[in-house]
Amino acid sequence: MVATGSLSSKNAASISELLDRGYHPESLLNDFDYWDYVVPEPNLNEVIFEETTCQNLVKMLENCLSKSKQTKLGCSKVLVPEKLTQRIAQDVLRLSSTEPCGLRGCVIHVNLEIENVCKKLDRIVCDASVVPTFELTLVFKQENCSWTSFRDFFSRGRFSSGLRRTLILSSGFRLVKKKLYSLIGTTVIEEC
C-alpha cells in the first residue's frame, strides 16, 4: 500500500472507505502506523552542539582527575580506560536532557571508590549562573589488579618519592541522580 495525501490521516471515513474496498484491517493499521513514526532528519546544529558539550564535559572530568591525583589521591599517575570519560559524559547528558535547565542546572559530585570506601574528589558546577535543579554523584572505581601492588613493591627504591604510585581506574562507574525540586526518587545507572 502506498500512502498518498488523501490517505495520510487516520480519520474514520478514510479507514472505513478502505475497508469497503477490501483492505485487511490489520495491514491497514500497520501501514498507517509506519508513517506515524517516521523519524525526522536530525538537526545538524543540535548534533554539533551536543558533541561540543560532551567534549567539554569530558575535559572537566579529566581536569578533575588530574587535579585530584596529587592533592587527594597521593599518586603520580591515574590511568583511565579508553572512552570511560566519554561514556560518562554521554550518560550525564542523557540524564540532564529531561531536566528544566538541562546540563546547566547540574552539579556533579565526583568520588572514587577504593576498597569499598568512597573518597570525595571534587564538585563540578556546570553553570554557576544557574540555580542547580539536580545533582549527580559520580563514583569512579579502582581496578582490582593484584599486579599493581606487586609492581609498586618493587618500584620503591632508595631514590623514589612517595608519589610514585599509579592508580588504575576500572571501566565501571556508578552515576546517581538526585532531583532537588521533585518528590520523584533517584535514578541509579551502573556500568560494568
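Here are some friendly notes on this predicted model, point by point.

1. **Ground rules.** Because this is a predicted model, local features need pLDDT of at least 70 and side-chain atom pairs count only at pLDDT 80 or more, while totals for chains, interfaces and linings use all residues. Residues are numbered from 1 along each chain as its sequence is written, and side-chain values use heavy atoms, with hydrogens and water left out.

2. **Strand pairing around S5.** Strand S5 covers residues 166–179 and pairs in the parallel sense with strand S1 (residues 77–79) over three bridges. Helices (H or I, at least four residues) and strands (E, at least two) are DSSP runs numbered from the N terminus, and two strands pair if DSSP finds at least two bridges between them. On the S1 side, Leu79 has Ile168 of S5 as its bridge partner. S5 also runs antiparallel to S4, with eight bridges joining the two. There, Gln142 is partnered with Leu169 in S5.

3. **Salt bridges tying S5 to other parts.** The count of salt bridges comes to six, where a salt bridge is a side-chain nitrogen of Lys or Arg within 4 Å of a carboxyl oxygen of Asp or Glu. One of them joins Glu99 to Lys179, with the closest N and O atoms 3.2 Å apart. This pair links distant parts of the chain: Glu99 sits in the loop between H4 and strand S2 (106–114), Lys179 in strand S5, 80 residues apart. Glu99 is buried at 9% relative accessible area, whereas Lys179 is partly exposed at 24%. Buried means under 20% relative accessible area, exposed means over 50%, and partly exposed lies in between (1.4 Å probe, protein chains only). A network of salt bridges links Glu99, Lys177 and Lys179.

4. **A second long-range pair.** Arg174 and Glu113 also meet through their side chains in a salt bridge, at 3.2 Å from N to O. Here too distant parts of the chain are linked, with Arg174 in strand S5 and Glu113 in strand S2, 61 residues apart. Arg174 is partly exposed, at 23% relative accessible area.

5. **Inside helix H4.** Arg94 and Asp91 form a salt bridge at 3.3 Å, N to O. Both lie in helix H4, three residues apart, which is about one turn of the helix. Arg94 counts as partly exposed at 46%, while Asp91 is buried at 11%. Ser96 belongs to this helix as well, which spans residues 84–96. A polar atom of the Ser96 side chain lies 3.0 Å from the backbone oxygen of Leu93. That fits the rule for a polar contact: a pair of N or O atoms within 3.5 Å, where within protein one must be able to donate a hydrogen and the other to accept it, and residues adjacent in sequence count only if both atoms are side-chain atoms. Ser96 is buried, with a relative accessible area of 3%.

6. **Cysteines.** How many disulfides does the structure hold? It holds zero, taking a disulfide as a pair of cysteine sulfur atoms within 2.5 Å. Cys54 is buried at 2% relative accessibility, and Cys64 is buried at 1%.

7. **A nonpolar surface patch.** Val131, Leu180 and Tyr181 make a nonpolar surface patch of about 330 Å². Val131 lies in the loop between strand S3 (117–125) and strand S4 (134–142), and is exposed at 56% relative accessible area. Patches are made of residues with over 30% relative accessible area and no salt bridge, with like charges joined within 9 Å and nonpolar side chains (Val, Leu, Ile, Met, Phe, Trp, Tyr) within 5 Å. Accessible areas come from the Shrake-Rupley method with a 1.4 Å probe, and for residues only the protein chains shown count as cover.
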